[in-house]
Amino acid sequence: MFKLPLVIIYMIVAFNITAFTVVDLLLFHSLTIKIIASLLTVASWILAYRNRDKFVRIG
């Protein structure tokens, strides 16, 4: 039995959302889209931080 920390999965997703936000900030000129993308990034990192102590069993 192997215990995988859920923070790894959450951080991969949060990093991908962060990368999308950086590209979004460079390409789009709409302030609304930039604010929504930034809030989504912050929310994903908060979710990763709050679930840092949870594990899932593999096997």
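In this predicted model, Ser44 sits within helix α2, which runs over residues 31-50. Its surroundings make a handy starting point for a look at the helix as a whole. Ser44 has a relative accessible area of 12% and is therefore buried, the cut-off for that class being under 20%. Leaving aside residues up to four places away in sequence, Ser44 touches Ala14 and Ile17.

Helix α2 itself comprises 20 residues, and the distance from its first C-alpha to its last is 29 Å, close to the 28 Å expected at 1.5 Å a residue. Ser44 shares its buried status with Ala37, Thr41 and Ala48 of α2. These residues lie on the same side of α2, because the arc they cover around the axis is only 65°. A general property of helices is helpful here: an α-helix has 3.6 residues a turn, so residues three or four places apart point the same way. The cover over the buried residues of α2 includes helix α1, residues 6-27. On the other side of α2, the exposed residues are Leu31, Thr32, Ile36, Leu39, Tyr49 and Arg50.

It is also worth setting the model beside the database record. An unreviewed UniProt entry lists residues 7-27 and 33-49 under "transmembrane region". In the model, residues 7-27 are 100% helix and 0% strand, with end C-alpha atoms 30 Å apart. Residues 33-49 are likewise 100% helix and 0% strand, and 24 Å separates the end C-alpha atoms of this span.

Conventions:
Residues are numbered from 1 along each chain as its sequence is written. This is a predicted model: local features need pLDDT of at least 70, side-chain atom pairs count only at pLDDT 80 or more; totals for chains, interfaces and linings use all residues. Side-chain values use heavy atoms; hydrogens and water are left out. Helices (H or I, at least four residues) and strands (E, at least two) are DSSP runs, numbered from the N terminus. Buried means under 20% relative accessible area, exposed over 50%, partly exposed in between (1.4 Å probe, protein chains only). Contact means heavy atoms within 4.5 Å. The expected span of a helix is 1.5 Å times one less than its number of residues. The arc is that of the directions from the helix axis to the C-beta atoms. UniProt positions are given in the numbering used here, feature names are shortened, and annotations may be inferred rather than shown by experiment.
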